[in-house]
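User: Could you take a close look at one part of this model for me, the place where the first two chains meet? I'd like a connected account that I can follow alongside the coordinates.

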Protein chains: 4
Amino acid sequence: MVTPLRGRDELDVEGLERLIERILNGGVDGLFILGTTGEGPSLSYRLRRELIERTCRQVRARVPVLVGITDAAFIESVNLARHAAAAGADALVLAPPFYFPEGQPELQEYLDHLVAELPLPLFLYNMPTNTKVQYEPETLRRAMDSPHVVGLKDSSGDMNYFQHALVLLKRRPDWSLFIGPEELLAEAVSVGGHGGVPGGANVFPKLYVQLCTAARNGDVARSRQLHDQVMRISGSLYQIGRHPSAIIKGIKCALACLGICNDFMAEPFHRFRAEERGRVERCLPELTAQVERLVANHQPGFPQ
Amino acid sequence: MVTPLRGRDELDVEGLERLIERILNGGVDGLFILGTTGEGPSLSYRLRRELIERTCRQVRARVPVLVGITDAAFIESVNLARHAAAAGADALVLAPPFYFPEGQPELQEYLDHLVAELPLPLFLYNMPTNTKVQYEPETLRRAMDSPHVVGLKDSSGDMNYFQHALVLLKRRPDWSLFIGPEELLAEAVSVGGHGGVPGGANVFPKLYVQLCTAARNGDVARSRQLHDQVMRISGSLYQIGRHPSAIIKGIKCALACLGICNDFMAEPFHRFRAEERGRVERCLPELTAQVERLVANHQPGFPQ
Amino acid sequence: MVTPLRGRDELDVEGLERLIERILNGGVDGLFILGTTGEGPSLSYRLRRELIERTCRQVRARVPVLVGITDAAFIESVNLARHAAAAGADALVLAPPFYFPEGQPELQEYLDHLVAELPLPLFLYNMPTNTKVQYEPETLRRAMDSPHVVGLKDSSGDMNYFQHALVLLKRRPDWSLFIGPEELLAEAVSVGGHGGVPGGANVFPKLYVQLCTAARNGDVARSRQLHDQVMRISGSLYQIGRHPSAIIKGIKCALACLGICNDFMAEPFHRFRAEERGRVERCLPELTAQVERLVANHQPGFPQ
Amino acid sequence: MVTPLRGRDELDVEGLERLIERILNGGVDGLFILGTTGEGPSLSYRLRRELIERTCRQVRARVPVLVGITDAAFIESVNLARHAAAAGADALVLAPPFYFPEGQPELQEYLDHLVAELPLPLFLYNMPTNTKVQYEPETLRRAMDSPHVVGLKDSSGDMNYFQHALVLLKRRPDWSLFIGPEELLAEAVSVGGHGGVPGGANVFPKLYVQLCTAARNGDVARSRQLHDQVMRISGSLYQIGRHPSAIIKGIKCALACLGICNDFMAEPFHRFRAEERGRVERCLPELTAQVERLVANHQPGFPQ
């Protein structure tokens with residue numbers, strides 16, 4: 001979930017409520033806040049705590065809430081984790097500490113120490129583009145020895161890594177393996193992954209939910225049809241900005257155009273300016289119509 | 001300066017005092033805390049504030065205190081900056097926000113916004129190994145338009161970049177240009193840099209101070225003699241660990257062996273264990289004797 | 001196909017014949033020589049020409065022969081291409097020139113110039129690990145304007161890239177899109193790719209042929225069963241060496257253990273020494289038995 | 001030295017003669033052909049052999065001729081080396097084989113095998129931007145055990161690496177250590193390097209020769225004056241193209257503007273087109289005048 005902001009250190013409270021209801025109404029299995037798309041590491045701790053509280057209160061246990069606690073400082077991750085537990089969150093999500101390029105033995109020891117302090121189950125979050133370091137397979141394997149670690153979100157985009165993670169899962173069939181990039185959601189689920197954490201689900205939650213269901217059911221025709229739509233979104237809405245931030249900016253801008261929430265962004269980013277916003281406004285109606293046609297009168301669970 | 005720690009979130013207060021006195025006694029021109037060697041991003045904000053206060057109180061304006069405010073979150077950088085100003089620090093040091101790989105225009109706008117909020121002069125800190133993004137020359141050039149930005153510490157190790165920064169300095173002769181890696185200190189000063197921020201000065205402050213002086217005075221023979229010693233330290237004390245953290249671990253371990261301060265490290269790192277500590281203990285006496293011979297009976301300011 | 005060698009600049013002629021027959025007997029749709037697994041860029045031009053001739057003569061048009069002409073020097077690529085055409089090869093395969101890190105406009109112009117000189121249809125070969133530069137989507141799109149370019153082998157391992165290539169294929173439905181890494185073969189074909197160029201097919205050709213067929217037919221259960229075996233090979237035979245060359249060395253060593261051909265390698269590589277060879281010998285019987293059980297009494301074309 | 005070309009596979013013979021005379025007239029200590037700036041890996045072997053022969057014949061032993069034999073194929077490096085020896089060249093220059101990302105033990109064994117086949121002394125050439133792999137310090141140290149390896153040209157731009165190479169040189173005081181990037185020439189020589197291989201010396205040989213002399217003599221004032229001019233060239237002539245090829249294109253274009261030789265380039269590059277050539281024409285007169293003022297009425301060998 002993106003973090004709706006009204007200003008530099010101010011939540012867009014009404015926008016947040018609308019966004020949560022829209023996403024939940026789309027049928028998602030859970031809500032992940034304070035991840036990369038949520039601009040987690042760019043937000044003050046005060047605002048992160050407020051977001052955790054408001055989100056948990058709004059969701060009211062309708063779906064599990066997963067809270068990102070990734071931080072360069074060990075203690076701040078622990079602090080956030082405790083706050084999340086107190087607010088009623090269900091699980092934590094952790095990418096490697098992202099300032100120092102730590103070695104894998106260092107990362108393994110860090111995990112051992114951190115997991116011992118956490119009050120909730122933990123998902124690992126593999127995001128090497130931003131953290132430089134990734135959870136190497138051997139580190140995953142060791143993490144599986146801890147009952148408190150319950151899954152992995154892999155945003156590396158490296159399907160060879162994902163395949164190796166799938167093989168490792170035989171040791172922990174209770175683990176959940178999620179894919180980050182939505183362009184890979186269909187194939188990740190079709191090869192045995194459990195689901196995805198697609199940023200686009202902020203805008204079109206039903207599309208990704210139905211895609212997941214189709215892929216899980218082995219409904220290849222339906223899965224391809226929905227995947228093609230994911231690729232159209234990826235090929236238009238996400239291509240408007242010039243920097244890697246283009247995806248988050250595109251999603252927030254689309255939500256603003258749809259009247260869901262404000263598109264203010266935390267530094268070092270800035271929302272799209274008039275020219276880019278114009279391009280979002282021009283591509284959005286067609287994308288919306290396409291998605292609505294696709295997800296309408298579809299009986300979930302009954303492959304066509 | 002390294003951050004002496006007694007435990008996970010506890011300063012080694014006596015060690016900090018001894019360390020500051022040792023470094024100041026070495027004749028340094030300033031003290032930089034909460035940088036990379038200071039494990040700044042790994043420390044809780046509470047501990048960072050305590051370190052700022054204790055350091056400023058101990059230094060008592062004998063030399064300028066520079067405080068690292070690098071953070072993934074804009075607001076937290078501002079918070080630290082205000083705390084540093086209130087504690088009596090003299091300047092701030094900032095590497096790019098290090099979670100998102102922001103584009104240069106994004107980084108430029110971030111700088112514009114942040115500098116407007118800062119109560120003290122700012123040094124830029126180029127550290128691409130850890131932040132992924134660097135201050136590209138065009139971004140440096142634009143930063144020179146702000147009177148509140150007063151210098152650059154370049155830890156890229158890329159002397160071509162340093163040379164281009166030197167050329168840019170013609171527009172802002174009041175800027176200070178410092179080099180990070182101590183292996184490049186002699187040459188950086190000899191080509192016109194103003195000084196360095198060497199981690200090794202925690203252990204052997206006089207060596208680096210005298211090297212800087214010699215290089216500034218164009219005393220090539222003396223400069224080479226001292227530089228050779230810097231390379232001996234780099235080739236032994238810094239080669240003991242297996243990961244990039246080896247340098248900080250080596251420095252902290254040497255300080256512990258010398259009885260200056262505790263070598264506890266913040267996660268994701270761990271101090272050297274017995275085997276590595278043994279190697280530090282074995283190489284330290286000779287390094288210390290070499291340095292003492294070199295810096296003794298040398299008349300600072302009078303090239304030999 | 002690997003290149004069987006008897007010495008530094010000498011083909012293992014009998015081994016080559018046995019290897020070709022074994023692979024063709026496995027039911028492959030084509031044979032790709034002088035690629036990465038074929039150590040193409042490490043071989044003298046004389047030996048490359050001899051290999052082209054002998055292979056074409058041995059294959060006798062039973063399947064198409066594709067010849068790698070990747071080279072840092074334009075003229076040498078043209079020379080190889082002409083030789084391949086004269087020897088009766090069917091198509092050419094080209095990764096970007098791999099010494100200079102050329103820009104995409106430079107690569108596009110290079111392609112324009114080179115395609116004009118080629119006597120046979122061309123497949124692009126995306127291999128950024130080795131060539132540094134990849135064919136960016138815009139370069140692919142432009143290459144589709146040339147009727148002489150007929151497909152892409154993508155060895156990037158980046159399925160997001162592969163997905164975008166699949167979308168581009170709508171403009172050229174006659175193109176073939178192949179995947180390099182065999183760990184991704186099942187999913188690449190299941191999402192619409194046309195096949196793969198798996199190095200493991202040197203050793204177990206039927207396994208990869210049947211996997212391709214199953215994935216193409218949408219036979220998910222069979223596809224997963226065969227894919228699991230591909231992952232077992234990848235997790236054992238390819239993990240024995242320490243460097244990226246481990247895969248090629250493992251394949252050549254397995255072929256030598258099976259009595260197919262010599263495992264001599266062109267510099268800068270060296271065949272496995274006794275210790276690693278012992279490990280290959282130990283894992284090979286089980287892998288072979290597993291593969292044979294899997295591919296036996298399977299009726300190709302009739303999903304089980 | 002750049003390689004003057006008249007067409008895709010044709011030397012500009014008269015241009016080559018003029019260029020050699022111009023460079024030798026500048027007082028250089030040696031001539032390096034078929035390096036990166038010489039587009040070595042982009043040229044056909046036929047043309048490389050012709051260039052070697054013509055250059056050796058033209059130089060007539062006035063200075064040593066060093067010939068680049070870097071190649072992905074071992075045998076082709078040996079072939080070029082033998083041709084160079086037969087033509088009367090003095091030494092060979094070798095970067096690591098640049099297709100496969102070989103490990104250091106593989107690179108060490110490759111060097112052992114290759115040196116055994118070479119008829120002339122060898123300089124190592126560190127160029128990681130183009131070859132991906134570099135000669136790590138341990139590999140340098142091992143290469144020093146061979147009397148046939150006589151030096152290193154370091155084009156990494158990493159002065160920390162250069163400093164470590166300088167320390168290693170204590171084991172082989174007969175080795176020569178040269179720097180690649182001309183922006184680092186002054187400092188590399190001032191810290192103990194023996195010289196440089198600056199591409200700009202194709203255009204302004206006297207400038208770089210005098211800079212080397214000044215830096216060697218410890219003439220800091222003169223060295224800085226000449227270095228500032230090197231930085232002006234680097235900041236104008238080398239900034240005109242958009243890709244890393246901009247430096248070679250700028251040098252070749254300047255030589256064409258000065259009537260020395262043709263600026264045709266081997267694929268994958270293309271000479272500057274009208275717009276960029278216009279910019280070269282506009283900056284060249286001032287650069288030339290500046291250089292001529294600087295190098296005129298200077299008594300070489302007598303520091304001012």
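Analyst: Happy to! Let's settle one term before anything else: contact here means heavy atoms within 4.5 Å. With that cut-off, the contact takes 45 residues from chain A and 45 residues from chain B. Please keep in mind that this is a predicted model.

Now to the surface itself. Chain A and chain B bury about 4000 Å² between them, and carbon and sulfur atoms give 63% of that area. If you would like a place to point your viewer, try Tyr99(A), Phe100(A) and Glu106(A): within chain A, these residues lose the most area to chain B, and together they make up 19% of what that side buries.

Next come the charged and polar pairings. Six salt bridges are counted between chain A and chain B. One of the salt bridges joins the side chains of Arg273(A) and Glu109(B), with an N to O distance of 2.4 Å. That distance lies within the 4 Å allowed for a salt bridge. Polar contacts between chain A and chain B number 19 residue pairs, counting pairs with both residues at pLDDT 80 or more.

Which helices of chain A supply at least two residues each to the side that touches chain B? They are H2 (45–59), H3 (74–87), H4 (104–115), H5 (128–131) and H11 (246–257). H4(A) has the largest share of that side, with five residues. Sorted by class, the side of chain A that touches chain B holds 20 nonpolar, 11 polar and 14 charged residues.

It helps to set the contact of chain C with chain D beside this one. There, 45 residues come from chain C and 45 residues from chain D. The buried area between chain C and chain D is about 4000 Å², with 63% from carbon and sulfur atoms. Six salt bridges are counted between chain C and chain D, and among them is the one between Arg273(D) and Glu109(C), at 2.3 Å from N to O. For polar contacts across chain C and chain D, the count is 18 residue pairs, both residues at pLDDT 80 or more. On the chain C side, helices H2 (45–59), H3 (74–87), H4 (104–115), H5 (128–131) and H11 (246–257) each provide at least two residues that touch chain D. H4(C) gives the most to that side, five residues, and the side as a whole divides into 20 nonpolar, 11 polar and 14 charged residues.

Key
Residues numbered from 1 in each chain as written. Chains lettered and ligands numbered in written order. Predicted model: local features only at pLDDT ≥ 70, side-chain atom pairs only at ≥ 80, totals over all residues. Heavy atoms only, no water. Buried area = accessible area lost by both parts, 1.4 Å probe. Polar contact = N/O pair within 3.5 Å; in protein donor to acceptor, adjacent residues only side chain to side chain. Helix = DSSP H or I, 4+ residues; strand = E, 2+ residues; numbered from the N terminus. Nonpolar A, V, L, I, M, F, W, Y, C, P; charged D, E, K, R; others polar.
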